[in-house]
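Pull up the model and give it a slow turn before reading on. We'll begin with one pair of strands and work outwards from there.

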Amino acid sequence: MKVIIVGGGVGGLVTALMLHARGIDCEIYEQADGIRELGVGINTLPHAIKELKELGLLERLDAVAIRTYELFYLNRFGQEIWREPRGLDAGYDVPQFSIHRGRLQGAIFQAVRARLGESRIHLGHRLGSFKQDDGGITAYFFDRNGSHRATARGDVLIGADGIHSYVRDTLFPNEGPAAWNGLMLWRGAVDWPQFLTGRSMMIAGGMEAKFVLYPIGAGSAPDRRLTNWAVVARVSDGAAPPPRKEDWSHPGRWEDLGPHLKRFRLPYVDVSHLIEATGEFWEYPMCDRDPLPRWSHGRVTLLGDAAHPTLPFLAQGAALAIEDAAVLAECLRHEPDDIAGAMRRYEGLRRRRVRRAQREAQRNGQRYHLSGPRALARNIALRALGGERLLRRYDWLYDWKP
Ligand SMILES: Cc1cc2nc3c(=O)[nH]c(=O)nc-3n(C[C@H](O)[C@H](O)[C@H](O)COP(=O)(O)OP(=O)(O)OC[C@H]3O[C@@H](n4cnc5c(N)ncnc54)[C@H](O)[C@@H]3O)c2cc1C
């Protein structure tokens, strides 16, 4: 069997490793000319790290990530609402990693190069069309100027090409743009003095604006960390499209972000000072998409953000893509002679769980953004639940087994 993977993000690269580990031939086609350290922080939770560990990546990741120790929530005046341990410290077998997205992608990419070889990776190849027939699938790739670069023939095509997936757009041409909820996300990373344990993650704020802070790597000195921050603020009711198209690499503007920072009075960090020290930072309108009626059409299927872009309020973007990769590779290994059947089985195993995660992320976004008496009621309810019950609320998510 020969598999064509479109997209060299976390989802596409992990899929390549999963297929390779099962003896299935595959090639990756990525539109970017190089794998560079794009993005900022991302959290990868134990259920996904377990899969990466099975692929032998734990040491590589440990070398560039932070093992998250705790997560705590504050209101915008710095009063603590609750605090919980994470990863190994919460009793899981493997850590939760807070990591630079580019370093996560880079570590996986190095493993792909070493195991599959350079000849299986095609950078600067943008998928521009594909067609399937009884015997296989043919995909056409173009360079950034639109000139034809390569034609690939395979048995399966996996669209791991992100939130603006060309493959999804081809399968569902009437779907329209991603849905915006009116929240804007600004994010950046800066070398900054360690706060608390050097492995702590903080989420603060309410309805108007939320601030997130966590270290994602070593800093320029032992008492400093590469520190990721994010500010989420409501800038619209979401009825109109976002001011600029969602693009992970769009620079943010101080005049848009600055006014939201005045709300925060937090211990451990001077928010304005931190962000001024960052220099360049990024803006991203919080978008997701409604679930699809199906992901697969014959020999073609979707994976990761292409199949189910998810709001970041559950930290599942990368994790769900990694899970998809494990399940799809296993389905293809089990049913090599019935590809359409293997695809149906893959999405049958994935869609309910992914839908639940998407919905929970949407709900979390609303819960985090309560204010006034409703926020107070939420905080009292959380305290009443107690640490153990709170910790177990995501067992369905973190205890996942492929
Ligand atoms: C540049 C960038 C920065 C990001 N930064 C963050 C961040 O800071 N924090 C965060 O939580 N999440 C970030 N994300 C999203 C996060 O990486 C994903 O939610 C998660 O890792 C799932 O990954 P994925 O592989 O499904 O999609 P993605 O990571 O989006 O990868 C999709 C890949 O497909 C490629 N591609 C797209 N169209 C084509 C085509 N037609 N032909 C060939 N290749 C194509 C893209 O170039 C990209 O490399 C970022 C994504 C990108 C692309």
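Keep in mind that this is a predicted model. Let's start with strand S12, residues 156–159, which runs parallel to S18 and is joined to it by 3 bridges. If you want a spot to zoom in on, take Ile158: its bridge partner in S18 is Thr301.

Now zoom out a little. That pair belongs to an open sheet of 5 strands, paired in parallel, and reading across it you get S8-S2-S1-S12-S18. Strand S8 (121–123) and strand S18 (300–302) sit at the edges with a single partner strand each, so one side of each has no neighbour in the sheet. As you step across the sheet, neighbouring strands are turned against each other by 20° on average, ignoring direction.

Next, look at what lies across this sheet. Helix H1, residues 10–21, lies across strand S1 (2–6), strand S2 (25–30) and S12, and runs at about 170° to S2.

H1 also has a helix to deal with. Its axis and that of helix H4 (residues 101–116) come within 9 Å and cross at roughly 35°, and the crossing is left-handed. Which residues in H1 and H4 meet? From H1 you have Val10, Leu13, Val14, Ala16, Leu17 and His20, and from H4 there are Leu104, Gln105, Ile108, Phe109, Ala111, Val112, Arg115 and Leu116.

One of those H4 residues, Ile108, turns up again when you look at the protein's interior. The largest nonpolar core has 106 residues, and Ile5, Ile108 and Ile322 are the ones that touch the most other members. Helix H8, spanning residues 317–334, gives the most to this core, with 12 residues. Follow Ile322 and, leaving aside its neighbours within four places in sequence, you'll find it in contact with Val10, Val14, Ala48, Glu51 and Leu52. Val10 and Val14 should look familiar: both are among the H1 residues that meet H4.

Finally, step back to the whole protein. It has 11 helices and 18 strands. Its radius of gyration is 21 Å, close to the 21 Å the globule rule gives for 402 residues, so it is as compact as a globular protein of that length. Measured out along the principal axes, the C-alpha atoms fill a box of roughly 65 × 45 × 40 Å. Buried residues make up 43% of the 402 residues. Among contacts with a separation of 6 or more, 73% are between residues 24 or more positions apart.

Definitions and conventions. Residues are numbered from 1 along each chain as its sequence is written. This is a predicted model: local features need pLDDT of at least 70, side-chain atom pairs count only at pLDDT 80 or more; totals for chains, interfaces and linings use all residues. A nonpolar core is a set of buried Ala, Val, Leu, Ile, Met, Phe, Trp, Tyr and Cys residues joined through C-beta atoms within 7 Å. A residue is buried if 20 or more other C-beta atoms lie within 10 Å of its own, exposed if 12 or fewer, and partly exposed in between; C-beta atoms are placed from the backbone. Helices (H or I, at least four residues) and strands (E, at least two) are DSSP runs, numbered from the N terminus. Two residues are in contact if their C-beta atoms, placed from the backbone, lie within 7 Å. Two strands pair if DSSP finds at least two bridges between them. Axes are lines fitted to C-alpha atoms, for helices over the stretch in contact, and angles run from 0 to 180 degrees between N-to-C directions. The radius of gyration is taken over C-alpha atoms; the globule rule is 2.2 Å times the number of residues to the power 0.38. A crossing is left-handed if the near helix is turned anticlockwise from the far one by less than a right angle, and right-handed if clockwise.
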